[in-house]
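Me: Please take a close look at a single part of this structure and describe it in one connected account. I would like to know what surrounds that part and how it fits into the rest of the chain.

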Amino acid sequence: MKQARKPARATKARELEISYRFGFDAAHRFAGMPRGHRYRGVHGHSFNVEVAVRGTPRAPNGFVADFSKLEANCARLRRTLAHSLLNDIAGLKQPSLENLCVWIWEKLKPKFPGLARVTVRRDSLGQACSYDGEAG
């Protein structure tokens with residue numbers, strides 16, 4: 001007697017997340033803060049950025065995104081940000097961690113549709129902000 005074959009189950013494509021980190025040193029100020037506030041004057045930080053891209057690995061190489069392209073795009077951003085007064089960069093008049101996340105997101109999203117998250121850290125202060133795009 002022949003056994004009935006089980007119907008083939010559809011396999012769900014695996015979604016993975018890759019990330020790349022880079023750092024830069026820069027200065028900024030927040031002129032709107034009250035006199036005497038430590039953030040009002042020009043001061044500097046070492047920033048660390050992590051960019052995450054999510055997606056299904058694609059043929060022929062099995063990459064979610066090409067790391068060399070991600071690294072090259074992040075290197076361009078780093079060259080713009082490093083050793084600068086962030087307030088002087090277009091779009092960063094108020095260069096908070098929050099605004100840095102959004103600024104980096106807006107630069108990378110058109111080139112990496114699977115962009116999942118941008119995190120900017122100031123490790124020496126134990127501070128970080130993450131942005132994962134517009135809600136809804």
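Reply: One strand and its surroundings

The backbone oxygen of glycine 41 lies 2.8 Å from a polar atom of the side chain of histidine 43. A pair like this counts as a polar contact, that is, two N or O atoms within 3.5 Å, where within protein one must be able to donate a hydrogen and the other to accept it, and where residues adjacent in sequence count only if both atoms are side-chain atoms. The model is a predicted one, in which local features need pLDDT of at least 70 and side-chain atom pairs count only at pLDDT 80 or more, while totals for chains, interfaces and linings use all residues. Residues are numbered from 1 along each chain as its sequence is written, and side-chain values use heavy atoms, with hydrogens and water left out.

Histidine 43 belongs to strand E2, which spans 43–55; strands (E, at least two residues) and helices (H or I, at least four) are DSSP runs numbered from the N terminus. Histidine 43 is buried, at a relative accessible area of 17%, where buried means under 20%, exposed over 50% and partly exposed in between, with a 1.4 Å probe and protein chains only. Setting aside neighbours within four places in sequence, histidine 43 is in contact (heavy atoms within 4.5 Å) with Ala26, Ala27, His28, Arg29, Phe30 and Arg38.

Further along, glutamate 50 also lies in strand E2. Is glutamate 50 buried or exposed? Glutamate 50 counts as buried because its relative accessible area is 12%, and its side chain makes a polar contact of 3.0 Å with that of serine 19. Apart from its neighbours within four places in sequence, the contacts of glutamate 50 are with Ser19, Tyr20, Arg21, Arg117, Val118, Thr119 and Arg121.

Towards the end of the strand, arginine 54 is joined by a polar contact of 3.3 Å, side chain to side chain, to glutamate 15, a residue in the segment before E1. These two are 39 residues apart in sequence, yet their C-alpha atoms are 6.8 Å apart in space. Glutamate 15 is partly exposed, as its relative accessibility is 48%, and beyond its neighbours within four places in sequence it is in contact with Arg54, Gly55 and Thr56.

Valine 53 leads to another part of the chain: its C-alpha atom is separated by 9.6 Å from that of lysine 109, 56 residues away along the chain. Lysine 109 sits in the loop between H2 and E3 and is partly exposed, with a relative accessible area of 29%. A polar atom of the lysine 109 side chain lies 2.6 Å from the backbone oxygen of proline 113.

Val53, Arg54 and Pro113 are among the residues lining the largest pocket, and Arg58, Val64, Ala65, Asp66, Lys69, Lys111, Phe112 and Gly114 are the others. A pocket here is an open set of points on a 1 Å grid over the protein atoms alone, where a 1.4 Å probe fits and protein lies on both sides within 12 Å along at least five of seven lines; lining residues have an atom within 4 Å of a point. The space in it comes to about 180 Å³, taken as the volume filled by probe spheres set on points joined across faces, edges and corners. Its lining divides into five nonpolar, one polar and five charged residues, with Ala, Val, Leu, Ile, Met, Phe, Trp, Tyr, Cys and Pro counted as nonpolar, Asp, Glu, Lys and Arg as charged, and the others, Gly among them, as polar.

After the strand, the loop between E2 and helix H1 (67–81) holds proline 60, and the peptide bond between alanine 59 and proline 60 is cis, with omega about 5°. Most peptide bonds are trans.

As for the wider setting, the chain has two helices and four strands, in the order β-β-α-α-β-β along the sequence. Phe24, Leu81, Ile104 and Val120 touch the most other members of the largest nonpolar core, which has 31 residues; such a core is a set of buried Ala, Val, Leu, Ile, Met, Phe, Trp, Tyr and Cys residues joined through side-chain atoms within 4.5 Å. E2 supplies at least two residues of this core, as do E1, H1, H2, E3 and E4, and H2 gives the most, with seven.
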